[in-house]
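Reader: Please take a close look at the packing of the helices in this structure, and then follow the chain to the loops beside them. I should like a connected account at the level of individual residues.

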Amino acid sequence: MTETTTRRTSPADVLARDTAPTAHLAGAGTRHRVLSGMQPSADSLHLGNYLGALVNWVKVQDDFDAYFFIPDLHAITVPQDPESMVRRTRVAAAQYIAAGIDPERSTLFVQSQVPEHAQLAWVLMCMTGMGEAQRMTQFKDKAAKQGAEAAGVGLFAYPMLMAADILLYQPHGVPVGDDQRQHVELTRDLAQRFNARYGETFVVPEGFYPVNGARVYDLQNPLAKMSKSAASPNGLVNILDAPKVIAKRIKSAVTDDGTEVRFDREAKPGVSNLLSIYAAVTERSVAELEEAYVGRMYGHLKVDLAEAVVERLAPIRERALELMDDPAELDRLLARGAAKAREVASPVLADVYAKVGFLPPAR
Ligand code: TYM
């Protein structure tokens, strides 16, 4: 799904769905569920995380029974410093809340505090073909970075753990950016495979992708997606960056030949990226923005965009930093979330274990 230029504002409209609603939704009267997560593998979330996922999480929490978690088990598929992990896990939670996730309404938790994730992952790994897992492009990219031989088995098993994260909660929607599309597809395949082999068990979830911002590109290299592991930080906008840094990075974004502010991913990747970001941040359509910049220069667009992004991110940064002042309170919220998450995950895992043929739990 590529960006469209339609202006969409209601929660149902801002999310593009890939597939028709699944046939076996939860019973009448049940609020449909969504689930998603972001790895705690950097000191801050970036603008891609924010526009690709977090903005939509905030939108869907009104209409869905929402589960948002911090996949720390996923983060250790590449080497992590233990102290940084602790800090980054809390800082991720702080940013979720600062961006608008309400821990009273949504269930907010850390993956490693819910052991059912790793337990279900094993069952799903045993149902995944080697070839199927080898086709995952994110695995191929990350393994190539480390050298195929050095890449850990965890990196290979990563998509099956993600499938477990999702299927344990029977969500109907998974609000993520475009780069997670293949993982969501694998999750759907595994759910269908399990259901076919052992009887109806899992809801087959849909990916929910934003209309604008599903793929935010690096400001210095608009052919690569914005990523925490970029070679240079100059193409990255972090939620926790100081406003001055954010403005500078946007104003120094590479643009393209010519002068016309027009969306054309092939011919004008730099300007197209800025337009999509602008559209996502202001909830205006790309077409409307193109019109507003007729006869104006790239520089004008950058100045306005820098202002819009700073205006949007600065309050989130401030609130997140405040929340980080009380790590004990964050830990308390997360522990409460984990207990709530287990209430859902534990019976689903028990059902799976029984269906697979494991003896009942030893008492
Ligand atoms: P992660 O931590 O890499 O990214 C978190 C979310 O941010 C989105 N995203 C982007 N969106 C637009 N443009 C970008 N440049 C960009 N970069 C990242 C991602 O699509 C994602 O939605 N495997 C997941 C974490 C995960 C998960 C899950 C997600 C583990 N289990 C279960 C959903 C459900 C990941 O690595 O995302």
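Author: The account begins with the contact between helices α10 and α13. Pro243, Ile246, Ala247, Ile250 and Lys251 of α10 meet a set of residues in α13, namely Lys302, Val303, Leu305, Ala306, Val309, Val310, Leu313, Ala314 and Arg317. The model is a predicted one, and every value below is computed from it. An α-helix has 3.6 residues a turn, so residues three or four places apart point the same way. Ile246 and Ile250 are both on the α10 side of this contact, while Ala306 and Val310 are on the α13 side.

The geometry of the pair is as follows. Helix α10 covers residues 243–251 and helix α13 covers residues 298–324; they pack at an angle of about 150 degrees, with their axes 9 Å apart. Because angles over 145 degrees count as roughly antiparallel, α10 is roughly antiparallel to α13. The crossing of these two helices is right-handed.

Helix α13 itself has 27 residues, and from its first C-alpha to its last it reaches 37 Å, close to the 39 Å expected at 1.5 Å a residue. There is a kink of about 30 degrees in α13 at Leu313, shortly before the proline Pro315. Leu313 is also one of the α13 residues that meet α10.

Helix α11, residues 269–282, offers another case. It has 14 residues and reaches 20 Å between its first and last C-alpha atoms, close to the 20 Å expected at 1.5 Å a residue. Since 13 of those 14 residues are buried, α11 is largely enclosed by the rest of the structure. Glu283 follows α11 and is located in the loop that leads to α12, residues 286–292. Its phi is near 55 degrees, a positive value in a residue other than glycine. Glu283 counts as partly exposed, because its relative accessibility is 23% and the buried class lies under 20%.

A second helix pair is formed by α7, residues 137–146, and α8, residues 153–167, which pack at an angle of about 165 degrees with their axes 10 Å apart. α7 and α8 are therefore roughly antiparallel to each other, and their crossing is right-handed. On the α7 side, Gln138, Phe139, Lys142, Ala143 and Gln146 take part, and they meet Leu155, Phe156 and Tyr158 in α8.

The loops beside this pair also deserve attention. Met136 lies in the loop between α6, residues 130–134, and α7. Met136 has a relative accessible area of 5%, so this residue is buried. Leaving aside neighbours within four places in sequence, Met136 is in contact with Pro159, Gln182, His183 and Leu186. Of these partners, Gln182 is 46 residues away from Met136 along the chain, yet their C-alpha atoms are separated by 6.9 Å. Gln170 is found in the loop between α8 and β5, residues 173–175. Gln170 has a positive phi of about 50 degrees although it is not a glycine. Its relative accessible area is 19% and so, with the limit for buried residues at 20%, Gln170 is buried.

Finally, helix α2 comprises the 14 residues 47–60. At 1.5 Å a residue it should span 20 Å, and its end C-alpha atoms are 19 Å apart, which agrees. α2 bends by about 35 degrees at Ala53. The helix is mostly covered, with 13 of its 14 residues buried.

Technical notes. Residues are numbered from 1 along each chain as its sequence is written. This is a predicted model: local features need pLDDT of at least 70, side-chain atom pairs count only at pLDDT 80 or more; totals for chains, interfaces and linings use all residues. Side-chain values use heavy atoms; hydrogens and water are left out. Helices (H or I, at least four residues) and strands (E, at least two) are DSSP runs, numbered from the N terminus. The expected span of a helix is 1.5 Å times one less than its number of residues. The bend at a residue is the angle between axes fitted to the seven residues ending there and the seven starting there. Buried means under 20% relative accessible area, exposed over 50%, partly exposed in between (1.4 Å probe, protein chains only). Axes are lines fitted to C-alpha atoms, for helices over the stretch in contact, and angles run from 0 to 180 degrees between N-to-C directions. Angles under 35 degrees count as roughly parallel, over 145 as roughly antiparallel, 65 to 115 as roughly perpendicular and the rest as oblique. A crossing is left-handed if the near helix is turned anticlockwise from the far one by less than a right angle, and right-handed if clockwise. Contact means heavy atoms within 4.5 Å.
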